[in-house]
Amino acid sequence: MWLLFLLVACSAAVLSCALLCRAAVAAARATSGPAPQPPDTVPETAAVGRRGPGLTLYEMAYLSGGPHRLADVVLVLMAQQRRLLLADTGWATVVDPVGKDAVERATLSAIGPDGQRRIPAIRDALTGDDAVREVADRLVTDGLALPAAVRPGVAGAVRLVRGAALLVLPAAAASYWTAPDGADGGLLLAWFSLPLILTLGTWAVARFELHPYSDWATTAGERRLPGIGHSPATAATPASLVTLALRGPSALTDPALRAALHSSGA
């Protein structure tokens, strides 16, 4: 029986490490090439909240958390301007049915003619909308975002390696207790040190070479993201929206908005 536990631990370790190596190579190929230059003009879709070297609020949100993060940003932006009402039950209600850019118009279309819809459904609808794809395609073209072909990327593979490392410990304990009488417990546990060393070593290398992990931004994209508080807020782009774009709904200081996004599964 203990051999079965060892086989499971080794298989999980080898498979997860191989997937991480594959993801790292794919990300490196996708991000190879000269560093992109800031565009001379910004399309209407990305015209909201210019901050940092050539990045817009929508672009920062996508690079930090993908299309769902971008959806949260546009919802909160419209809510702060009193054009949407976000209830703490996870519903969005239209107050002003006029969008100022393509992403806002897509958000209103996602809510639908009834003027009210659950926030998770709005997120899912925006993910496939042309306006959001335009933001993503522009970032991929500029070398700032990972192409869809290499996602899920390094972040997901690192989580698998971490999970495989944690799996080794209960597998070793189970093998120790199910080993036949007279078996060398020390030798048995030594076998489990092999997958543990493999996973922990791979995890350490990834932490040193690939951190910060991202399923969305390339290395160049990560470098273009501003630090919190490094750029002054403007009337059009308050600091709360930049913080939301970079860190997600948990960073919101408004309890009503935070409850609305969290209650909807953010």
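1. Strand β2 and strand β3 (residues 116-118) pair in the antiparallel sense over 3 bridges; strands count as paired if DSSP finds at least two bridges between them. Within this pairing, A92 has R117 of β3 as its bridge partner. Strands here are DSSP runs (E, at least two residues), and helices are runs of H or I of at least four residues, numbered from the N terminus.

2. The model is predicted: local features need pLDDT of at least 70, side-chain atom pairs count only at pLDDT 80 or more, and totals for chains, interfaces and linings use all residues. Residues are numbered from 1 along each chain as its sequence is written, and side-chain values use heavy atoms, leaving out hydrogens and water.

3. Strand β2 (residues 91-94) also runs antiparallel to strand β1 (residues 84-86), joined by 3 bridges. Here L85 stands opposite T93. The hairpin of β1 and β2 has 4 residues between the strands, and G90 takes a positive phi near 95°.

4. Helix α5 (residues 130-141) has buried residues (under 20% relative accessible area, 1.4 Å probe, protein chains only), namely A131, V132, V135, A136, R138 and L139. They cover an arc of only 160° around the axis, taken from the directions to the C-beta atoms, and therefore lie on the same side of α5. The face turned away from the buried side carries the exposed residues D130 and T141, where exposed means over 50%.

5. The buried residues of α5 pack against α2 (57-80), α3 (102-111) and α4 (119-127), with contact meaning heavy atoms within 4.5 Å. Just after α5, G143 takes a positive phi of about 80°.
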